[in-house]
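Got your viewer open? Load the model, keep the selection box handy, and let's walk through it one stop at a time.

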Amino acid sequence: MAWMWMFLLVATFFLILGFSKQFLVGIETLAQWVSSFVKQDFSAFVTLESVVDYTTFLRNDGGMVTVIEYAGATQIMGRTEFMQMSSSVDNFFARQMGGIGHDLQVVYRQDSGSSGVAIRNALTKTRATANRIGLDIEDLLDAEEDTLKKVVVDESIWIVVSTSLAVIENQESLKEDAQKKAELARDMNLPPLGSAQNPLKIVEDLLPKHEGFVNEVWNLFNTSGKSSARIMDCHEVVTAIRREIQPLSTSPDFIPCLPGDRAPMTTTFYGARPWEDIYYPPIWSQACNSEITEHYSNGMEKVFVDGMYHGTVAMDLPPQTPERFDLLMKRLRHIPFRISYRIYNSGLDRYKLNHTLVQFLSFNPKSENRAIKNAIDTIMERAKGSTEAEKTDPALGLAVTITTWSESEKTCIQNMQLIQRAMQSWGGCDVLPRAGDATDLFVSSLPALSHSSPARFTLNNGSDIAKMLPLFRPASLWKDGAVIFTSPDGRMMPFQPGSSLQNAWVYLIFATMGSGKSVLLNTIELGMCLAPGLSRLPLMTVIDVGESVAGMISVVQSSLPDGRKHEAGYFKVKMSAEFAFNVFDTQLGFRFPLARDRDFLRNFLTMIATPAGEKTAEKMTSELMGMVVDEAYKERSDDRNPVKFQFGVDQQVDKCIKASGIKIDQETIWWEVVDDLFAAGQVDNSIRAQRYAVPTLGMIPSILKSGVIMDMFSNNNPQGAALIEAASIMVNAAIRDYPVLSTVTQWDIGSCRVAGIDLNDVRGNGESGFKQTALMYAFAQQSAARNYYIHPDMLPLCKEMYRDYHSKRVEDVWSEIKAIIYDEFHNTKGIEGIRRIVNIDIREGRKWNIMTVLSSQLIEDFDSDAIDNMTGTFILSASNEGVVQKCKTTFGLSDSAITALKTEVIRPGTGMVIFNTKAGQNIQVFHNHLSPIKMWAFTTTSEDKMVRKLLYDAMPASHARRLLAKRFPRSGQFKSYIEQQRNRMMSSDDDGNVIKIVAEEIISDYHNGALQS
């Protein structure tokens, strides 16, 4: 009887409508009314049944579904790039979406409210690394999380690829397949499935067709140098859906239970419902295990689940003038929303009934239906073609729903109203706040969960749909990393220096002063220390002219436990014997240098032999110095003219010799002492003893005048004689002028793993001072990073007694990524020797697992080798048109990138980055955010450093940084405060006393519980 009344109501509805111009609208209104009248639960709208394989879902109608996570565009998207990508998508629609059986769903989701969770997840690996290493930097990571939460908008983009059984031409085979499975179930006496997943619906013939379509879509959206995408695992998909529905109650560790996993075996109801008990639970129950209730108010329907209200609106009219998605996104940037585009193939076939009705009803010239008919005719005209191959702008079906959410029903309603207004401004489209069952609408906006949509089906050309899709968001090719940049509009852009995503690691940074170069360097250096997977500090050498690195070193050193603070060190080198390092030192037990060390020494001596003020040495100097190096080591070898041992040279070695019972006579040489101490297990003292056995710079003038060298270069060659004489003079001058180079090693960084070396006090001045500065760069590199180059090939070259020792060292260092960072690199400009040393690291760094970073002020400061081999360039300022054009020419930047460089890279902390990766090139504008705590950690101004040190001495470093950031949260604020206080003082007390007074106040506040308050 109830159905009879329903039939009468429907019949009455049609009679009232008749053939009016509102006929089509009436049909949809009726459908919505019936849908809202006949309420169904959540499971009724879920079409995911089970899984076919690792990445493929099975639908309850036998169709298959795969989800692609789309990272976004990897290049800067200007108008040209936008049109190119839109055209590519439209061409894909024309090729792949003309027939039946293949559909797409594109879902974009953003939420600034969930950015905290996203950032926390992004920093999870970083925190884990800090804990493993033993770095107490929770204050820095907490502050970074808080800072990023204010600017980051959490975003996700999913592309859902669906294939139905309609693609199988032989439909009779489907019936046969279904019959065989039914017989199999009967023969095996399988119990009723109930609500459990049903794998028997899998049609194996469909899988290759589906996989072929998935690969086409993936190739479209994963294009090297243009965009990045990856196919998601089914577990990831269900987890993502669960977090969309129940963000508050879903654990970060949630993993669904799917076929292939360990079967649940819940035997509570065994015997009553055996299949449900022993097989995998339905996907809908894992996607949502909370009750969903519907709420209607203010003319809007919403659902309430897991403490959140979700309101969904449906697009009623498509945009009259399709606009870019970015324009809609900017209008909604401050609210959470998820927009779902369902793109159906064969749009004209699906629209036949509507088109026929419209044609019939358009007999009246003034009829609204005539306008609809004309619009449909226009779409059909653009999509026409005698064959599918000729259709260049296909007519496709489109259904769009947009969901927003809030814990407050009032806020949810306000958000829905904002979405309505924003959509009306987006090319002139419109939306309905009600379009059928509220739960159905909600489910339709989720990725992959349902294959249908209650939203109005609209007809659109592929080119129009392509312009509306969220495909142009900026993307980083790194999914996670210890360095987190953001796009200018707040999208997270992780980066991990030294990661496997790149074949090599050569990074260039250039910027004018005050552009944030030092902060960026410190950020990258700290990111290296916190790389995912590390179990100890990395090997890193930072060479600087100035104190930029001091802040980063102080963070690491102060955060290490008391017994390990030596693992990080900042060294301000002086031109005195205490910093002496003999560049001729060899690996323990080695009488001759390794090939890389020989190359270094040849280049180093060539630099010394280059006249001050000149950029290059005389011709043949490099060849001369190569022979000199070889002769020097031969001269000091055991069987030629080794150095005789003498007591009193090194008291520590003397004591060890006596304690070890090593016999010494007048013929004992230092090399014998080295071997004997090592054999006695005195490795450190063996290393000390070897310092006196190897050549030194002081013996080079005599080597230059030796018979072998003279015979080769001087006899019967006046130019060779002049070359030797000039070289000898300059080496003697270096011995006199550079005490740090002329004697045996006194300065040893020992077990320091992260070393910052400040050359400010040993650099040269003026144009002629380039030589001295370049020599000091080379000196610092060899003194700190010499052990980065040990490798397995060295083992056969040493005595057998040393091989186990060096084998362990090689194993310890060989696979580890090391870093050598040269700041203020313009100080080496034009000096051929140091550039050769650096270029060896650039060209061969991958072989040694060495990351090279060069930082300077201008692009001209880098050689062609550096530019040609770079894998990352950070441009922090382009101060004039000349710099912009050089960037364009050097890096091949597009016009869109040049425009961004001019208009967006204009303030400190903002830059453009060019990455060369295995997945293609990645060019984006980025922002490096600095929390107040990180600012205090990295600052190197004299006032800031002084107060920081006073507080570090009085309390844990993390507490000191928190208090300083709380009181002086902005850069430069403390210096201004000190100046104000000094001006108020009546006495002539200097800044130091004022700083001490401020420090004492903060220390007093600390003891009085300032942190707790």
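Start by selecting glutamate 301: at 8% relative accessibility, this residue counts as buried, where buried means under 20% relative accessible area, exposed means over 50%, and partly exposed is in between (1.4 Å probe, protein chains only). Before you go further, note that this is a predicted model, in which local features need pLDDT of at least 70 and side-chain atom pairs count only at pLDDT 80 or more, while totals for chains, interfaces and linings use all residues. Residues are numbered from 1 along each chain as its sequence is written, and side-chain values use heavy atoms, with hydrogens and water left out.

**Stop 1: around glutamate 301**

Keep glutamate 301 selected and show the strand it belongs to, E8 (residues 300-305). Helices (H or I, at least four residues) and strands (E, at least two) are DSSP runs, numbered from the N terminus. What does the side chain of glutamate 301 find there? One of its polar atoms lies 3.4 Å from the backbone nitrogen of alanine 438. That is a polar contact: a pair of N or O atoms within 3.5 Å, where within protein one must be able to donate a hydrogen and the other to accept it, and residues adjacent in sequence count only if both atoms are side-chain atoms.

Now colour the whole of E8. Five of its six residues are buried, so the strand is mostly covered. Add strand E7 (residues 293-297), which pairs with E8 in the antiparallel sense over five bridges; two strands pair if DSSP finds at least two bridges between them. Which residue sits across from tyrosine 296? Its bridge partner in E8 is our old friend glutamate 301. E7 and E8 make a hairpin with two residues between them, and asparagine 298 in that turn has a positive phi of about 55°.

On the other end, select strand E9 (residues 308-317). E9 runs antiparallel to E8, and four bridges join them. Click valine 303 and you'll see histidine 310 of E9 standing opposite. Here too you get a hairpin with two residues in between, and this time aspartate 306 in the turn has the positive phi, about 55°.

**Stop 2: serine 476**

Jump to serine 476, in the loop between helix H18 (462-468) and strand E14 (483-486). Is serine 476 buried or exposed? It is buried, because its relative accessible area is 13%. Switch on the side chain and look for two polar contacts. Serine 476 reaches the backbone nitrogen of tryptophan 478 at 3.1 Å, and the backbone oxygen of proline 494 at 2.6 Å. Not counting residues up to four places away in sequence, serine 476 touches Met493, Pro494 and Asn922; contact means heavy atoms within 4.5 Å.

**Stop 3: valine 549**

Next, select valine 549 in helix H20 (residues 548-559). This one counts as buried because its relative accessibility is 1%. Leaving aside neighbours within four places in sequence, valine 549 is in contact with Asn522, Glu525, Val542, Asp544, Tyr570 and Gly756. Try a distance label too: the C-alpha atoms of valine 549 and aspartate 758 are separated by 8.1 Å, although the two residues are 209 apart along the chain.

**Stop 4: strand E20**

Select strand E20 (residues 818-822). Five of its five residues are buried, so E20 is largely enclosed by the rest of the structure. Rotate to see both faces: Lys818, Ile820 and Tyr822 cover one side, Ala819 and Ile821 the other, and all are buried.

Now bring in the partners. Strand E17 (residues 540-544) pairs with E20 in the parallel sense over four bridges, with isoleucine 543 partnered by tyrosine 822. Strand E21 (residues 850-856) also runs parallel to E20, joined by five bridges, and there isoleucine 820 has threonine 852 as its bridge partner.

**Last stop: zoom out**

Deselect everything and look at the whole protein. Its secondary structure comes to 40 helices and 24 strands. Of the 1013 residues, 56% are buried. Among contacts with a separation of 6 or more, 76% are between residues 24 or more positions apart.
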